[in-house]
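Trainee: I am new to this structure and would like to understand the reasoning behind the terms used for it. Could we take them one at a time?

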Amino acid sequence: MAAIDALPPLREVIARHGLSARKALGQNFLLDLNLTAKIARAAGDLTGSDVLEVGPGPGGLTRGLLAEGARRVVAVEKDARCLPALAEIAAAYPGRLEVVEGDALAIDHRALLTPPVKIVANLPYNVGTELLTRWLDVADWPPFWQSLTLMFQREVAERIVAAPGSKTYGRLSILAQWRCEARIVMDLPPEAFTPAPKVRSSVIQLTALPAPRFPADAKVLSRVTAAAFNQRRKMLRAALRALAPDIEDRLRAAGIDPTRRAEQLSIAEFCALAREIAA
Ligand code: SAM
């Protein structure tokens with residue numbers, strides 16, 4: 001297969017810069033540049049966009065994003081050992097790669113980027129769900145990004161795209177699907193990574209809708225889904241009692257039988273309930 005760029009193979013980069021993987025930083029690297037280019041393509045046309053990448057590591061996905069034509073990549077990396085390897089990539093793509101050293105949880109991403117923005121990352125497992133929640137759980141919509149193309153453990157990816165009635169349906173499914181188109185676009189076996197993790201992984205693609213599917217206040221919806229799924233086996237009239245003393249009436253007013261359980265409710269029904277509780 002043709003090389004995607006003129007830079008050295010990743011194994012050589014890792015050996016030269018001594019980038020032995022650290023478990024505490026969630027380091028499972030992708031070394032196949034054809035695979036990283038394929039993940040970059042899953043994010044759609046990048047040519048007119050800034051791309052935020054969290055955790056570039058030795059730069060496999062970064063190289064995929066640049067080779068696929070991203071206007072500019074802003075890559076936030078916590079591990080200072082990776083910076084010299086990333087500087088070599090920046091030199092090969094003048095003016096198109098900005099590396100920011102730091103913790104992605106402590107940085108204001110929006111301030112680093114010029115719209116339109118896409119976020120593409122092979123996320124560290126320990127902070128992946130927290131970052132996703134922060135990108136999704138905002139008061140105003142549309143958000144600063146157009147799409148998220150993210151690697152997760154298969155089990156988390158399934159929760160994100162789950163439909164009502166399934167065991168994996170929960171707060172994350174509602175948070176993601178209320179205001180986005182969500183789908184799994186790629187499955188990867190453990191051997192795709194170095195070192196190989198214990199679990200399978202999937203790439204999910206979330207595209208921000210111009211407006212929420214159903215009206216609701218984001219904060220109220222979040223409170224309702226938190227209470228409902230914290231006691232997912234209980235009937236809603238019991239699980240939601242703390243939210244409103246007249247919860248049975250509110251459920252009925254929203255057209256929901258109070259004896260149903262959280263995992264049976266559609267997103268439209270959760271939004272109807274959030275509107276009733278806010279009223
Ligand atoms: N993108 C590379 C790849 O695909 O081969 C590396 C992916 S590895 C799963 C996760 C990367 O995130 C590592 O480089 C790790 O150092 C970095 N990382 C871990 N925690 C981070 C944080 N809080 N902020 C920024 N980067 C972080």
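Mentor: Let us begin with Gln27, whose side chain has an N or O atom 2.9 Å from an oxygen atom of the ligand. Please keep in mind that this is a predicted model, in which local features need pLDDT of at least 70 and side-chain atom pairs count only at pLDDT 80 or more, while totals for chains, interfaces and linings use all residues. Residues are numbered from 1 along each chain as its sequence is written, and side-chain values use heavy atoms, with hydrogens and water left out.

Trainee: What makes the pair between the ligand and the side chain of Gln27 a polar contact?

Mentor: A polar contact is a pair of N or O atoms within 3.5 Å (within protein, one must be able to donate a hydrogen and the other to accept it, and residues adjacent in sequence count only if both atoms are side-chain atoms), so the 2.9 Å at Gln27 qualifies. The side chain of Glu77 also has an N or O atom 2.6 Å from an oxygen atom of the ligand, and for the side chain of Asp103 the distance is 2.8 Å, this time to a nitrogen atom of the ligand. Taken alone the ligand exposes 590 Å², of which the protein buries 98%, with areas from the Shrake-Rupley method and a 1.4 Å probe, where for residues only the protein chains shown count as cover.

Trainee: Which residues come nearest to the ligand?

Mentor: Of the 20 residues around the ligand, these are Leu30, Gly55, Glu77, Asp103 and Asn122; a residue is counted as near if one of its heavy atoms lies within 4 Å.

Trainee: How do you know that the ligand sits in the largest pocket?

Mentor: A molecule sits in a cavity or pocket if more than half of its atoms lie within 2 Å of its grid points, and the ligand is found to sit in the largest pocket. On a 1 Å grid over the protein atoms alone, a pocket is an open set with protein on both sides within 12 Å along at least five of seven lines, a cavity is a set of points where a 1.4 Å probe fits but cannot get out, and lining residues have an atom within 4 Å of a point. About 460 Å³ of space lies in the largest pocket, and of its 31 lining residues, the closest to its centre are Leu25, Gly26, Gly55, Glu77 and Pro124. H5 gives the most to this lining, with three residues.

Trainee: How many cavities of 30 Å³ or more does the structure hold, and what lines the largest cavity?

Mentor: There are three cavities of 30 Å³ or more, and about 40 Å³ of space lies in the largest cavity. Its lining consists of Leu7, Pro8, Val13, Pro58, Arg63, Ala85, Glu88 and Ile89.

Trainee: Where are the cis peptide bonds at Pro116 and Pro142?

Mentor: Most peptide bonds are trans. A cis bond joins Pro115 and Pro116, with omega about -5°, and Pro116 is found in the loop between strand E4 (97-101) and strand E5 (117-122). The bond from Trp141 to Pro142 is cis as well, with omega near 5°, and Pro142 is found in the loop between helix H5 (125-136) and strand E6 (147-153). Helices (H or I, at least four residues) and strands (E, at least two) are DSSP runs, numbered from the N terminus.

How values were computed: Points joined across faces, edges and corners; volume = space filled by probe spheres on them.
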